Amino acid sequence: MSEAVRTVLQADSGTAKDATPETDAGFLWDFWYPAVRSSAIRGRRLVTAMLLEVPLVLGRTAEGRAFAMRDSCPHRGIPLSYGHFDGQTLECSYHGWRFDACTARCVEIPSLTSQDKLKVERIFAGHYPCEERDGYVWVYMNAPGTRLPDTVPAAPSLPVFSVKYKITHLDCELPSHVDQGIIGLMDPAHGPFVHQSWFWRSKRSIHEKQKQFEPIPYGFRMSPHSPSSNSAPYQLLKRITGEGVTTTIDFVLPNMRLEEIHSGKMWFSSRATVTPVRRDLCRIDFVAAWNLPFLPVFLFRMFGKTFLRQDQETMIKQAEGLKHDPKLMLIDDADRPAKWYFALKANLLEARRTGAAMEHPMAGPVTLRWRS
Ligand code: FES
Ligand SMILES: [Fe+2]
């Protein structure tokens, strides 16, 4: 008997567990991840996305609420995204089973007769909590085969510091495992080599730096400091406001780098998330908001795109090398943030396994030194 047939038979007798094989691709489940931009789901259009190797179908109800379902009909597995959405229920393209979009509960099986005893309302398609923030549709990815917790934490939102501000979004795909994407994101030593630009810095401006880091829940913070003196934009900001500039950079599990820059009443806030799509593909979603009057959105996007492209080109080259499974190393102090990331991740998984409180890999504030 084939595996698929056995699964169906078990499902009929009511004993089947989730038929999805749980493979360990090094993903962190039970967190929010940005799936698509809010603007991608309009009208009755269905869009597909993949998060942590889970295919999703997303849409928006007639009332404007975003929803996310597993893109697979629980009957025979055809992607639900081929079906028809009427603003409330999604109808599968194969046998017409209909599912409520917000709860994923089955509301109709057209082939049933009045004699049939099947309880339609007990059938569910896969369903994930969904919230919109900062122009993204966030999806809470609970681990396969687990139930959602009674209360799901709030989805992340970008800190902003005035009523009026500009905001913009950029994204780029990296052909790498999420771990490589993340350690690339917080790597302080690649700047002078990868991001050499007339407007940013050159290899010649490399100098010794010393930064203080402190533990924060699920992550670490580069304590508030005056930004690097070899970065032109910071120098410009200082000259315009006539006040000191401070920047704070946080990394928070599962995948988030937050940066805040303040100078007098001027502020800039950004967030980069690295989201696992598949084990060999991740995506950086970058959102930035600011009230700096001299920084138009188009100009920022121009710089931002250059930056992301430089990182992306590097990661494409790196992926070429990683195919051959080389031995890698992390050195002190420049790679210490990467070491903290791996330790945070391991400790979180261990705490979830044992039910004990999560141990933080940092005992207290630490000063790191490197040249960049
Ligand atoms: S496969 Fe969806 S209704 Fe049959
Ligand atoms: Fe970079």
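## Two buried histidines and an iron ion

Both His190 and His195 are buried, a word used here for under 20% relative accessible area, with exposed meaning over 50% and partly exposed anything in between (1.4 Å probe, protein chains only). This is a predicted model, in which local features need pLDDT of at least 70 and side-chain atom pairs count only at pLDDT 80 or more, while totals for chains, interfaces and linings use all residues. Residues are numbered from 1 along each chain as its sequence is written, chains are lettered from A and ligands numbered from 1 in the order in which they are written, and side-chain values use heavy atoms, leaving out hydrogens and water.

What do the two histidines do at the iron ion (ligand 2)? His190 and His195 each offer NE2 as a donor, and Asp311 appears twice through OD atoms, with distances of 2.1 to 2.5 Å. Donors are N, O and S atoms within 2.8 Å of the metal (3.2 Å for Na, K and Ca); water is not among the atoms, so sites may look incomplete. Along the chain, the donors follow the spacing H-x4-H-x115-D.

The angles among the four donor atoms run from 55 to 150°, and the site is irregular. For four donors, tetrahedral would need all angles between 85 and 135 degrees; four count as square planar and six as octahedral if opposite donors are over 155 degrees apart and all others between 65 and 115, and anything else is irregular.

## The whole protein

Let's step back. The protein has 372 residues, and 44% of them count as buried. Its C-alpha trace spans about 80 × 45 × 40 Å along the principal axes. Six helices and 19 strands make up its list of elements; these are DSSP runs numbered from the N terminus, with helices being H or I of at least four residues and strands being E of at least two.

Among contacts (heavy atoms within 4.5 Å) with a separation of 6 or more, 58% are between residues 24 or more positions apart.

## Two residues of strand 17

Thr273 is found in strand 17, which covers residues 266-278. Is Thr273 buried or exposed? Thr273 counts as buried because its relative accessibility is 1%. Beyond its neighbours within four places in sequence, Thr273 is in contact with residues including Pro34, Trp138 and Asp285.

Val277 is in strand 17 too, and Val277 is buried, with a relative accessible area of 8%. Not counting residues up to four places away in sequence, Val277 touches Met50, Leu51, Leu52, Glu53, Cys282 and Arg283. How far is Val277 from His190? Their C-alpha atoms are separated by 24 Å, and the two residues are 87 apart along the chain.

## Unusual backbone spots

Most residues other than glycine have a negative phi, and most peptide bonds are trans. Leu52, one of the residues that Val277 touches, is not a glycine yet has a positive phi of about 50°. Leu52 sits in the loop between strand 2 (47-51) and strand 3 (54-60), and at 2% relative accessibility Leu52 counts as buried. Asp134 also has a positive phi, of about 55°, and is found in the loop between strand 10 (130-133) and strand 11 (136-141).

Where are cis peptide bonds found? One joins Leu253 and Pro254, with omega about 5°; Pro254 lies in the loop between strand 15 (246-252) and strand 16 (256-263). Another joins Asp332 and Asp333, with omega about -10°, and Asp333 belongs to the loop between helix 5 (297-322) and helix 6 (336-354).
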